[in-house]
Amino acid sequence: MSGPVSTKIEDRIAVIEINNPPVNAASHAVREGLISAVLDADANADVDAIVIYGAGNTFIAGADIKEFGQPPKAPHLPQLIDEMEAVSKPTVAALHGTALGGGLETALGSHYRIALATARFGLPEVHLGLLPGAGGTQRLPRVIPVAKAAQMMTSGTMIGAQEALQLGLIDEIAEGDDIRSAGFAYAQKLVADGAGVRPTSARAPMPVAEGELDAVRAKVAKAARGLIAPLKIMDAIEAALTLPFDEGQQKERALFMELMADEQRSAMIHAFFADRQVGKVPELKTGTPRDIRKIGVVGGGTMGAGIATSALLAGLDVTLAERDDEAAAKALETVSGHLSGAVKRGKLKQEKHDAIIGGKFRTTTDYADFADVDLVIEAVFESMEVKKDVFGKLDMICKPGAILASNTSYLNIDEIAAMTQRPEDVIGLHFFSPAHVMRLLEVVVGKKTSDDVVASGFALAKKMRKIAVRSGVCDGFIGNRILNTYATAINGAVLAGASPYDVDRAMEEFGLAMGLFRVADLAGLDIGWANRKRMAPDRDPREQYAEFADKICELGRYGRKTGRGFYIHGADGSETPDPEVLDIIAAERAAKGITPREISDTEIIDRYMAAMVNESAKVVGEGIALRPLDVDITLLNGYGFPRWRGGPLHYADTVGLDKILNDIKIFQKEDDFFWQPAPLLEKLAAEGGKFADLNG
Ligand code: 3HC
Ligand code: NAI
């Protein structure tokens, strides 16, 4: 048989192989091949049982996401699985790699399931703004406890083979690593034992205790934060428990189609592909990554300690330099604390923790200990003078070929590189706080940075399980530059009449986990203050500068760490609006002659988004970001932008570039200096184009 599905009959067992690299997605050709292979085997008098497995690294990893949004082509996965389940001979799904989404649904439609010990299982449709739409919401609650089924579907997290066995999701764990042979042997055993068919749909749903589903639903609603799929999944599960299978499945279909038609689905699928596209940068074609095993970190404060932790968790050898013994001891303590946290969360084994502390990690006060490292990441104070001094010294000590990286948030990498005799080996590696948790890494490419060094930055990110985004050099790179711009727009809204608490409420309702002022309090107001002081000499006199944040800092209120900032922070973690903050803002309005007016939540978001999109368009237009998707990924992974909105430039495409440009023109009447439309935005709006057209 040609095509991605083929059958071999051996010893009265039909072994059906799905071969659709890279992940055996259930594309149209796979669906067509699979159903005819199963039906042929069922009709074949020489066959007693049927095994389905995937060639290569994995069983089916889901429906083919590339087909979503296109006209659906029969056979559809739900019908295929129903037909497969209805055959007269026992079917075995032999699972390895990741059985995900439509793949796990295919396995649930098979009568028996065997898996390698390394296999993993999940229904990640929720991450695409969808629900399992091929019977998963109906069959899973018939096989495993309902609360667990709901948790798997609403969170999209995977489980391993041991847990799957305990839950009853699979029947056996195979020995060894040959899934084809294991599936074959299992089918032979079933035939020998006289086992018959065992359709999941014929089983009764698992029992649920009174009120259990409501409790799960309440938890899911709380965690969903604007994402609609999780509650639709709960509706589908409820249908599984209350309706006959066929009706439940119809309900599932209707809910699935609703989600398929929703903007959230297209936003999340954009994010899925953008996550993978963002790593495709030109230097990876021309550059060869250098071998990085030993790294040095300069500075063991918030960022240095986090970066060291992240590198240690990735298996690297780390030497961290601080200014004196006391600071070095403190850094050691912080890193140990982070690593102990990883042990507690089950991310690191105790033995590995002990091996790191006793072997792979050391602190020093002498840069001479960096003589044999492959890469140094500098994370000292955000001061050009201090950084230049550090790079001059590193250049003298580090071996030829060692990469010198800076974690600066804003400063010019080219100016730092110029302090060395090897500017081609200098790069920005901008981690986000907390560096051992946040997944984003901006790889900042200087004028002279070599392609090998860029490729090394991307390879390091992969090793550290980070999402790397390539950025050019400008003040604040992609993310902080855009952040500064929308923060200015928000400050404008506050001066015009909104309170910081109105802003946070509007942003949180829009889908952000935390509003701008809550985040500022958490990060520490002193960081932004220091940056504003740095920028003050270059500030354009036409800028309508909002002073209230500086005034709060002048009172020694830096946010959560000092107990007061925009909010009053209680010892119990509570955050209360601070009337004194409102007084400070009112005084500034009065001094500037501004009469406050009512600012609606819609206007707050329009200002926030118009500023963000406009600056993003400048960042793309100037070539700082390679593509619009690089901006989207930065904002999604580093700035809490809701994934279900796809990133600012996807959002702009959805609401229409005319609308954004129009908003800018309205706000321009108030502040002509700040609200200058980006040439790229104007061009695309005039042409009726979209940012997506530039993603390639
Ligand atoms: N459809 C189409 N392409 C897919 C795909 C899918 N389901 N899953 C992965 N790919 C593509 C990726 O885009 C990537 O393409 P590229 O090389 O051109 O960039 C390639 O396969 C390899 O993917 P990864 O880089 O992600 O490879 P990893 O080895 O890191 O991860 C994976 C493999 C765990 C399978 C991961 O790709 C993944 O999580 N995929 C998505 C799984 C998923 O969401 N399944 C549910 C689909 S929806 C569904 O089934 C609906 C049903 O209920 C009706
Ligand atoms: P921090 O003040 O917490 O830590 C800086 C550390 O560097 C201090 O422990 C200090 O003792 C040490 N240090 C100073 N000069 C040194 C030298 N010459 N040699 C060795 N150690 C020295 O600062 P933080 O927040 O960790 O920031 C560090 C860098 O990371 C800055 O450039 C900052 O802009 C950047 N950054 C900060 C983020 C944040 O959220 N805090 C996020 C991303 C980047």
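Select ligand 1 to begin: 24 residues surround this ligand, and those that come nearest are Ala 63, Gly 102, Glu 105, Glu 125 and Arg 276. Please bear in mind throughout that the model on screen is predicted.

**First stop: the surroundings of ligand 1**

Display Ala 63 together with the ligand. A polar backbone atom of Ala 63 is placed 2.8 Å from an oxygen atom of ligand 1. Turn next to Gly 102, where a polar backbone atom is likewise 2.8 Å from an oxygen atom of ligand 1. At Glu 125 the side chain should be shown, since the view should include its polar atom that lies 2.6 Å from an oxygen atom of ligand 1. On its own, ligand 1 has 990 Å² of accessible area, and the protein covers 72% of this.

Now colour the secondary structure elements around the ligand. Three of them each supply at least two residues of the shell: strand S5 (98-100), helix H3 (102-109) and helix H11 (263-277). Which element gives the largest share of the shell around ligand 1? The answer is H11, with three residues. If the shell is coloured by residue class, 13 nonpolar, five polar and six charged residues will appear around ligand 1.

**Second stop: the surroundings of ligand 2**

Move the selection to ligand 2. There are 22 residues around ligand 2, and Met 303, Glu 322, Glu 382, Lys 387 and Ser 409 come nearest. Begin with Glu 382, which has a polar side-chain atom 2.5 Å from an oxygen atom of ligand 2. Continue to Lys 387: an N or O atom in the side chain of Lys 387 is 2.6 Å from an oxygen atom of ligand 2. Then add Asn 407, whose side chain has a polar atom 2.9 Å from an oxygen atom of ligand 2. How much of the 840 Å² that ligand 2 exposes when taken alone does the protein bury? The buried part amounts to 82%.

The elements to highlight here are helix H13 (302-313), helix H16 (384-397) and strand S15 (426-431), which give two or more residues to the shell around ligand 2. By class, the shell around ligand 2 comprises 10 nonpolar, eight polar and four charged residues.

**Third stop: the two sides of helix H24**

Select residues 579-592, which form helix H24. This helix has 14 residues, and the distance from its first C-alpha to its last is 20 Å, close to the 20 Å expected at 1.5 Å a residue. Show the side chains of Val 581, Ile 584, Ile 585, Glu 588 and Arg 589, the buried residues of H24. Why do these buried residues lie on the same side of H24? They cover an arc of only 135 degrees around the axis, and therefore share that side of H24. Rotate the view to the face of H24 turned away from its buried side, where the exposed residues Pro 579, Asp 583, Ala 590 and Ala 591 are found.

**Fourth stop: Arg 607**

Helix H25 (residues 601-621) contains the next residue to select, Arg 607. Is Arg 607 buried or exposed? Its relative accessibility is 1%, so Arg 607 counts as buried. Add Glu 670 to the selection: the side chains of Arg 607 and Glu 670 make a polar contact at 3.0 Å.

**Fifth stop: two cis peptide bonds**

Zoom in on Pro 21 and Pro 22, which are joined by a cis peptide bond with omega of about 5 degrees. Pro 22 belongs to the loop between strand S2 (13-18) and helix H1 (28-43).

For the other bond, go to Ser 433 and Pro 434, where the peptide bond is cis and omega is about -10 degrees. The loop that holds Pro 434 runs between S15 and strand S16 (440-444). Strand S15 was already highlighted at the second stop, as one of the elements that give two or more residues to the shell around ligand 2.

**Last stop: two residues with positive phi**

Select Arg 12, which is not a glycine but has a positive phi of about 70 degrees. Arg 12 sits in the loop between strand S1 (5-10) and S2. With a relative accessible area of 36%, Arg 12 is partly exposed.

Finish at Phe 477, where phi is also positive, at about 55 degrees, although this residue is not a glycine. Phe 477 is part of helix H19 (residues 477-496). The relative accessible area of Phe 477 is 0%, so this residue is buried.

Key
Residues are numbered from 1 along each chain as its sequence is written. Chains are lettered from A and ligands numbered from 1 in the order in which they are written. This is a predicted model: local features need pLDDT of at least 70, side-chain atom pairs count only at pLDDT 80 or more; totals for chains, interfaces and linings use all residues. Side-chain values use heavy atoms; hydrogens and water are left out. A residue is near a molecule or strand if one of its heavy atoms lies within 4 Å of it. A polar contact is a pair of N or O atoms within 3.5 Å; within protein, one must be able to donate a hydrogen and the other to accept it, and residues adjacent in sequence count only if both atoms are side-chain atoms. Accessible areas come from the Shrake-Rupley method with a 1.4 Å probe; for residues, only the protein chains shown count as cover. Helices (H or I, at least four residues) and strands (E, at least two) are DSSP runs, numbered from the N terminus. Ala, Val, Leu, Ile, Met, Phe, Trp, Tyr, Cys and Pro count as nonpolar, Asp, Glu, Lys and Arg as charged, and the others, Gly among them, as polar. The expected span of a helix is 1.5 Å times one less than its number of residues. Buried means under 20% relative accessible area, exposed over 50%, partly exposed in between (1.4 Å probe, protein chains only). The arc is that of the directions from the helix axis to the C-beta atoms.
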